[in-house]
Amino acid sequence: MTDEVLDDSEFVSARQRFWTIGLTGERFAHHRVAVAEFDGELIGIAQSAEPTDADATWSQQLIILYVLASAHGTGAGKRLLEAVLFNDAAAALWVADPNPRGQAFYRKHDFIPDGTAKEEYGIKEIRMVRRGQSKLQVSESAPDRA
């Protein structure tokens, strides 16, 4: 977010309303939310939901993943990602561009840019997608009786 957005005197109260609705509203009951703490202090948050993109071919969309800079490299981001996305499910996310650290983190977790970009609130974003892992399905059959 731009400094202008962050410096707005209404920013904190607007975010409090946003999170109150997002964590308690019936409309968001299907979202998965996880937080990371260290020594009793919140250091990160993640949220996923059903896809919102009209062309989605994935089953989950990462909506939010934030970790305090002081907690980068601790594994908190990886654990948050794992907490809100199913490991074998195809998923997508939007990430700011440029954001080399964030994009590298998502690449490390099998997300790749799909060539789609947008701009919201003056921030350019690219979409990254993780293809689902196919699982071998073994079906049992009746024994051959000759």
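Student: Which residues in helix α3 (residues 76–84) are buried?

Tutor: A good place to start, and do keep in mind that this is a predicted model. In α3, the buried residues are Ala76, Gly77, Leu80, Leu81 and Val84.

Student: How should I read that spacing? Why do they fall on the same side of α3?

Tutor: Here is the general idea first. An α-helix has 3.6 residues a turn, so residues three or four places apart point the same way. Now the case here: the buried residues of α3 cover an arc of only 135° around the axis, which puts them on the same side of the helix.

Student: What covers the buried residues of α3?

Tutor: The cover includes β1 (32–38), β2, β3 and α4.

Student: Let's turn to the nonpolar core. How many residues does the largest one have, and which of them have the most contacts inside it?

Tutor: In soluble globular proteins, nonpolar side chains tend to be buried together. In this model the largest nonpolar core has 20 residues, and Leu62, Leu65, Tyr106 and Phe111 have the most contacts inside it. Two or more residues each come from β1, β2, β3, α3, β4 and β6. Helix α3 gives the largest share, four residues.

Student: Which residues does Leu65 touch, leaving out those up to four places away in sequence?

Tutor: Its partners are Ile45, Ala46, Gly77, Leu80, Leu81, Phe105 and Tyr106. You have already met Gly77, Leu80 and Leu81 among the buried residues of α3.

Student: And the strands? In what sense do β1 and β2 pair?

Tutor: They pair in the antiparallel sense, over seven bridges. One example to find on screen is Ala34, whose bridge partner in β2 is Ala46. The two strands form a hairpin with two residues between them, and Asp39 in the turn has a positive phi of about 50°. On to the next pair: β2 and β3 are also antiparallel, with six bridges between β2 and β3. There, Ile45 stands opposite Tyr66 in β3.

Student: How many of the nine residues of β2 are buried?

Tutor: Seven of them, so to speak of β2 as mostly covered is fair. In general, side chains in a regular strand alternate between the two faces of the sheet.

Student: Now the charges. How many salt bridges does a search of the whole structure find?

Tutor: Side chains of opposite charge can pair when their charged atoms come close. The search finds six salt bridges here. One of them joins Arg127 to Asp53, with the closest N and O atoms 3.1 Å apart. This pair links distant parts of the chain: Arg127 sits in strand β6 (residues 123–130) and Asp53 in the loop between β2 (41–49) and β3 (60–67), 74 residues apart.

Student: Are Arg127 and Asp53 buried or exposed?

Tutor: Buried means under 20% relative accessible area. Arg127, at 4%, is therefore buried, and Asp53, at 14%, counts as buried too. Both belong to a network of salt bridges that also links Asp55 and Asp114.

Student: Where do the side chains of Asp97 and Lys124 fit in?

Tutor: They meet in a salt bridge, 3.3 Å from N to O. Asp97 lies in the loop between β4 (91–96) and α4 (100–108) and Lys124 in strand β6, so the pair ties together parts that are 27 residues apart in sequence. Asp97 is partly exposed, with a relative accessible area of 25%, and Lys124 is partly exposed at 40%.

Methods. Residues are numbered from 1 along each chain as its sequence is written. This is a predicted model: local features need pLDDT of at least 70, side-chain atom pairs count only at pLDDT 80 or more; totals for chains, interfaces and linings use all residues. Side-chain values use heavy atoms; hydrogens and water are left out. A salt bridge is a side-chain nitrogen of Lys or Arg within 4 Å of a carboxyl oxygen of Asp or Glu. Buried means under 20% relative accessible area, exposed over 50%, partly exposed in between (1.4 Å probe, protein chains only). The arc is that of the directions from the helix axis to the C-beta atoms. Contact means heavy atoms within 4.5 Å. A nonpolar core is a set of buried Ala, Val, Leu, Ile, Met, Phe, Trp, Tyr and Cys residues joined through side-chain atoms within 4.5 Å. Two strands pair if DSSP finds at least two bridges between them.
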